[in-house]
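Colleague: I have a predicted model open and want to walk through its open and enclosed spaces. Could we take them one by one?

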Amino acid sequence: MALPLKDRVLENNPLFCPTAAPGRRASEDLIPVLPLEAGEQYRFHFDMTKCIGCHCCEVACNEQNNNPADLHWRRVGEIEGGSYPFTQRLYLSMGCNHCLEPSCLQGCPVDAYTKDALTGIVRHDAEACIGCQYCTWNCQYGAPQYNPERGVVGKCDLCHGRLTEGRAPACVAACPEEAIRVEAVRIDEWKNQYVQLGNAPGMPVADKTISTTRITLPDAAPAELKKADYDRVRPEHPHMPLVLMTVLTQLAVGALAAIWACTLLAGSFAGARMAAAVALGVANLALGASTLHLGRPIHAYRALKMWRRSWLSREVLLFSLFAGAAAAYAGSLWFGLPGAALLGAATALAGLAGIAASAYIYRVPARPAWNSGYTVADFYLTAALTGPLLVAAIGPASRVMTLAAVGAAALQLLNQFSKLLWLARSDEFELRASGRLLANDLERLLLARFGLLVAGGMLLPLMGHPAVGLAAALGGELLGRYLFFVSVVPRNMAASFFTGRAA
């Protein structure tokens, strides 16, 4: 493994010497030769006028990093525009943008990302990674990629090891048209330009991450460009462990909060102890299921590390506190110990805070269909619907619990319909595409989800069948969460070329 740049003797490194080493002339113009000055960093420059779409850069990147064929840290996309007979097809090759304020770094719960102080390269430590895939959701450009064979995420690091040896990155060296280069950029100047250029054609979408990649467009490019596969949107990965984890934790929080509220108002009620025990079991099952989503579950404990800035770390911390408080609360109910009311309040507060952390994991700009108040409402309404139904199903049917569940079901129905209208009416490509997926490819599942919600959350409880209603409602919420994951359309490298993007 190459030594860090700061530990190398710069005057002996051809990358940083004013005079290149002998035999290096072929790549002299593809990477900077002079050392970086203060306030500069490296970045990619892609010249679209030269790219012929040969995918040599993709192949070279995969070979350099020993990645499987279906994993691409550098990707070549096709972009088209114009109208017949004056049409044009262009190619866009993009790796990591090595942002000035990378979102992958900010969201990582185990601090596996670092931004090299000397070069500005955003690097990823596979040894620290637990394979949670949170960074793949956070990145607006789809740069981090999950490798299921290794159980970790990986990304372009601008071939840091090759650069330290004075060699061009694999993609740069492999391009037959010299369409990809590495250059130095002055950070302050780029920040000032980016505010004006970030939403212009040829620039990655402007957001707080501030991509550094520079793209040269053809002089006569069509006014409107879009991906060649613009109309071919496919469902995303369902993340089944997270479907189970989010719904079941919300059920447990809703049930224990309902038990605490009822015992606080009525003193006690039949079935409270059993309902608390079942809710505790559901919570533990959910937290156990969550580790199955990790590529390296043996290192799940590391997810607590970055609780000060990562919502995923906060979720782990809060639900761990919730499980501990729930165990103490259930024990106090079973054995009649003092302090049950305070333990119940602590359990409810920790659980409600945990649901908020769960929701904010998905409030990321890179996944527009998730990044709204509908997600927060969805998660809390799942708790408000399934929790009271569990309590009513185990103990004597409570009119209060039944009405609470029916009200939550009505609000959830309203929330889901409102979200569908929002997706359909949006001017943003990803939101409209999510709406198209739900209305076309996933239509039957969506109708089944609404049917189970109405039957389980309204009709069956009102007819005096809370247990059957719980089964139907729980099935509906699991199906709804599945649709939540598979219907999201992420932003990606070519997002700024899409027709109809709001400025």
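Colleague: Which element gives the most to the lining of the largest pocket?

Modeller: This is a predicted model, so keep that in mind throughout. The elements that give two or more residues to this lining are strand 2, strand 3, helix 3 (134–138) and strand 6 (145–147). One of them gives the most, with five residues: strand 2.

Colleague: What is the volume of the largest pocket?

Modeller: Its lining counts 45 residues. Nearest the centre lie Arg-75, Gln-145, Glu-236, Pro-490 and Asn-492. The volume is about 1,400 Å³.

Colleague: How many residues in the lining of the largest pocket are nonpolar?

Modeller: Split the lining by class. Eleven residues are polar and eleven are charged. The nonpolar residues number 23.

Colleague: Back to strand 2. In what order do the strands of its open sheet lie?

Modeller: Three strands form the sheet, and the pairing is antiparallel. Strand 3 (86–94) and strand 10 (225–227) are the edge strands, each pairing on one side only. Neighbouring strands are turned by 30 degrees against each other on average, direction ignored. The order is 3-2-10.

Colleague: Which residue in strand 10 is the bridge partner of Ile-79?

Modeller: Strand 2 covers residues 75–83 and runs antiparallel to strand 10. Three bridges join the two strands. The partner of Ile-79 in strand 10 is Lys-227.

Colleague: Now the cavities. Which helix has the largest share of the lining of the largest cavity?

Modeller: The structure holds seven cavities of 30 Å³ or more. In the largest, about 170 Å³ of space is enclosed. Helix 11 (373–394), helix 12 (399–425), helix 14 (443–462) and helix 15 (466–486) each supply at least two lining residues. The largest share, five residues, comes from helix 12.

Colleague: How many charged residues line the largest cavity?

Modeller: The lining has 16 residues, and Gln-416, Lys-419, Leu-438, Gly-480 and Phe-484 are the closest to the centre. By class, eight are nonpolar and five are polar. The charged ones number three.

Colleague: Which residues are the closest to the centre of the second largest cavity?

Modeller: This cavity holds about 100 Å³ of space. Its lining divides into nine nonpolar, five polar and one charged residue. Of the 15 lining residues, the closest to the centre are Cys-96, Cys-99, Cys-104, Cys-139 and Tyr-141.

Definitions and conventions: Residues numbered from 1 in each chain as written. Predicted model: local features only at pLDDT ≥ 70, side-chain atom pairs only at ≥ 80, totals over all residues. Heavy atoms only, no water. Pairing = 2+ DSSP bridges. Helix = DSSP H or I, 4+ residues; strand = E, 2+ residues; numbered from the N terminus. Axes fitted to C-alpha atoms, helices over the stretch in contact; angles between N-to-C directions. 1 Å grid on protein atoms, 1.4 Å probe; cavity = no way out; pocket = protein on both sides within 12 Å on 5 of 7 lines; lining within 4 Å. Points joined across faces, edges and corners; volume = space filled by probe spheres on them. Nonpolar A, V, L, I, M, F, W, Y, C, P; charged D, E, K, R; others polar.
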